[in-house]
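Q: Please take a close look at one chain of this model, working through its sheets, its packing and its unusual backbone angles. A connected account would suit me better than a list.

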Amino acid sequence: MIVFEAVHKRYPGGREALTDVSFELDRGEMAFLTGHSGAGKSTILKLVALLERPSRGRVVVNGTDVSTVRSRGVPAFRRQVGMVFQDHKLLSDRPVFDNVALPLAISGIARRDLDKRVRAALDQVGLLGREQGFPQELSAGEQQRVGIARAIIARPPVLIADEPTGNLDPDLAMEVMTLFRRLNEVGVTVLVATHDIHLIDRLGTRRIHVENGRMAEEDGDGTP
Amino acid sequence: MARPDQASARGARRSAGQWLETWSEWHAQALVSSLGKLLRQPLGSALTIIVIGLGLALPGALHLVLLNAEQVTENIGRSVQLSVFLSPGTEASQAKALHQRIEGRDDVLEAKLVSPEEGLEDFRSVEGFSEALSALEDNPLPWAITLRPSHGLDSPELTEALAMELRGWDLVDIVQVDTDWVRRLASMLDLLRRAIEGAALVLGIGVIAVAGNTIRLDINARREEIEVVKLVGGSDAYVRRPFLYGGFWYGLGGGLLAWLLLWVGSWTLAGPIEALATDYGSAFRLLGPDSLAATATLLGGPLLGWLGAWWSSSYHLRQIEPKP
């Protein structure tokens with residue numbers, strides 16, 4: 001589902017963010033992307049979401065080699081990748097309903113189908129009934145869950161998350177990670193970047209470790 | 001949550017009819033919500049609409065001036081007159097025969113025979129002339145025929161040709177025709193028309209620039225939202241749509257304002273102008289905005305606003321790329 005083959009990424013200015021990164025994530029698989037800040041986790045996620053393009057090597061997402069995607073095709077490509085951000089990137093001037101419905105609005109789903117699906121997505125993250133609230137009225141954990149509901153509402157085959165628990169206390173963080181696990185169980189391929197080692201030790205999921213832009217050892221069973 | 005592969009299969013089954021329905025639904029939504037955004041910032045929107053309205057009203061007003069000037073000159077054109085003075089000593093019967101010959105021509109609308117006595121009477125009625133005339137022993141005036149050609153202002157050449165022909169006739173002494181002023185008037189109107197076209201072009205570009213600049217500010221104010229929409233896979237067309245509709249509304253508002261200004265302007269001027277015309281013995285009535293002015297303001301406004309938004313959003317939206 002996600003394939004990296006000898007991927008290099010050099011940013012303008014010469015900084016080499018990724019060097020010879022290769023890994024593969026099967027359909028329906030879940031993995032944590034670990035490493036220190038600046039190790040290259042975010043760059044890997046940006047390459048998956050086509051927010052950046054690789055300098056060398058091959059990135060394939062859901063059967064599509066990103067090098068074949070022209071800039072006109074980027075929006076359609078991005079719609080198959082649900083994204084969750086550390087700062088959740090919600091629109092503060094719109095109610096929860098509109099925030100969650102955004103990906104559907106973009107792909108032109110009939111409005112009558114909208115209500116049902118927004119409620120279903122909010123139900124999955126445990127926020128049913130909060131449709132009319134505004135993001136500021138919610139706690140940090142709730143905001144993050146709204147972000148997740150938005151990421152999954154269009155049922156993308158791939159879900160990526162960049163430090164989704166970075167601003168949450170351990171209990172909320174565990175809750176959010178468990179949510180990702182549940183989504184993975186219904187068939188979504190999930191890749192989560194995090195530096196919260198303690199948390200993922202308890203989850204026991206595959207880990208892809210990067211250090212200074214290079215692949216480090218991989219632990220198949222989650223035990224270090 | 002359904003499995004992803006089921007979801008995509010469901011997407012593929014949407015029929016063209018449903019697609020169209022959904023498409024128009026979202027367009028209608030963008031149209032209405034962009035109007036809502038305009039109304040939520042009334043002062044800024046009003047300023048833009050006023051500038052666009054004035055930009056459209058000015059060429060519209062010039063157009064009305066031209067329209068009315070043409071109406072006036074049409075009346076004047078009908079009063080283009082040739083004075084044919086016959087040779088001194090022409091007999092009354094000869095003068096009458098000549099008058100009939102002229103009156104029978106196709107290119108003459110009407111002709112009036114003026115005897116020397118009638119001519120003298122006309123002069124007497126002019127202030128200051130009566131005393132001078134009573135000093136004369138004989139009537140120095142010849143028979144004269146005044147005529148109005150059937151073609152008016154629009155063809156000074158034909159009037160000139162008619163005068164030339166009459167000059168060649170026996171017993172005709174002098175043919176007076178002043179087509180120079182007719183020519184001058186025609187070229188002044190032509191100049192005015194060109195000036196209006198130029199002004200309309202320049203102000204049209206101004207309207208596009210004003211709409212474009214307002215949309216640029218709108219885009220900057222909603223930069224965060226645009227980034228998020230691009231992040232979740234919003235196409236360029238989707239991101240751009242509300243701004244295009246925004247430009248449309250600005251243009252429509254400006255167009256309506258221009259239309260209103262033209263109506264109010266011509267309505268307030270109509271009374272005084274009629275009074276003035278009556279004083280000059282003219283039945284002139286001021287013409288209000290015609291269908292061209294209506295089309296130019298009410299359709300041109302939204303079109304130019306949309307163009308400005310299109311131009312501005314093409315440039316500025318490209319510069320916003322999500323950088324999480």
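**Sheets and packing in chain A**

A: In this predicted model, four strands of chain A make up an open sheet with antiparallel pairing, and their order is 2-1-4-5. Its edges are strand 2 and strand 5 (64-65) of chain A, each of which pairs on one side only. At the strand 5 edge, strand 4 (residues 56-61) of chain A is joined to strand 5 of chain A by two bridges, with the two strands running antiparallel, and A:V61 is found opposite A:T64 in strand 5 of chain A.

The other edge, strand 2 (residues 16-25) of chain A, contains A:D20, a residue that is not a glycine and yet has a positive phi of about 50°. A:D20 counts as partly exposed because it has 14 C-beta neighbours inside 10 Å, where a buried residue would need 20 or more and an exposed one 12 or fewer.

Chain A also holds an open sheet of six strands, in this case with mixed pairing, in the order 6-7-8-3-9-10. Strand 6 (81-84) and strand 10 of chain A are the edge strands here, each pairing on one side only. Within this sheet, strand 7 (residues 158-162) and strand 8 (residues 189-193) of chain A run parallel and are joined by five bridges, and A:D162 stands opposite A:A193 in strand 8 of chain A. The loop between strand 9 (206-211) and strand 10 (214-215) of chain A is the place of A:N212, a residue other than glycine whose phi is likewise positive, near 45°. With 14 other C-beta atoms within 10 Å, A:N212 is partly exposed.

Turning from strands to helices, helix 3 (residues 96-106) of chain A is mostly covered, since eight of its eleven residues are buried. Those buried residues are A:V96, A:N99, A:V100, A:A101, A:L102, A:P103, A:L104 and A:I106. They pack against helix 4 (111-124) and helix 5 (140-152) of chain A, and also against helix 9 (223-231) and helix 10 of chain B, so the surroundings of this helix draw on both chains. After helix 3 of chain A comes A:G108, with a positive phi near 70°.

One of the residues of helix 3, A:V100, is also among the residues that A:A149 touches when those up to four places away in sequence are left out; the others are A:A121, A:L122, A:Q124, A:V125 and A:L127. In soluble globular proteins, nonpolar side chains tend to be buried together. The largest nonpolar core here has 103 residues, of which A:V48, A:A149 and A:I160 touch the most other members. Helix 10 (residues 236-279) of chain B gives the most to this core, contributing twelve residues. Separate from it is a second core of 16 residues, which includes B:L82, B:L98, B:A111 and B:V177.

Taken as a whole, chain A has seven helices and ten strands, and its C-alpha trace spans about 45 × 40 × 35 Å along the principal axes. Its radius of gyration is 17 Å, which agrees with the value near 17 Å that a compact globule of 224 residues would have. Of those 224 residues, 44% are buried, and among the contacts in chain A with a separation of 6 or more, 69% are between residues 24 or more positions apart.

Key: Residues are numbered from 1 along each chain as its sequence is written. Chains are lettered from A and ligands numbered from 1 in the order in which they are written. This is a predicted model: local features need pLDDT of at least 70, side-chain atom pairs count only at pLDDT 80 or more; totals for chains, interfaces and linings use all residues. The radius of gyration is taken over C-alpha atoms; the globule rule is 2.2 Å times the number of residues to the power 0.38. Two residues are in contact if their C-beta atoms, placed from the backbone, lie within 7 Å. A nonpolar core is a set of buried Ala, Val, Leu, Ile, Met, Phe, Trp, Tyr and Cys residues joined through C-beta atoms within 7 Å. Two strands pair if DSSP finds at least two bridges between them.
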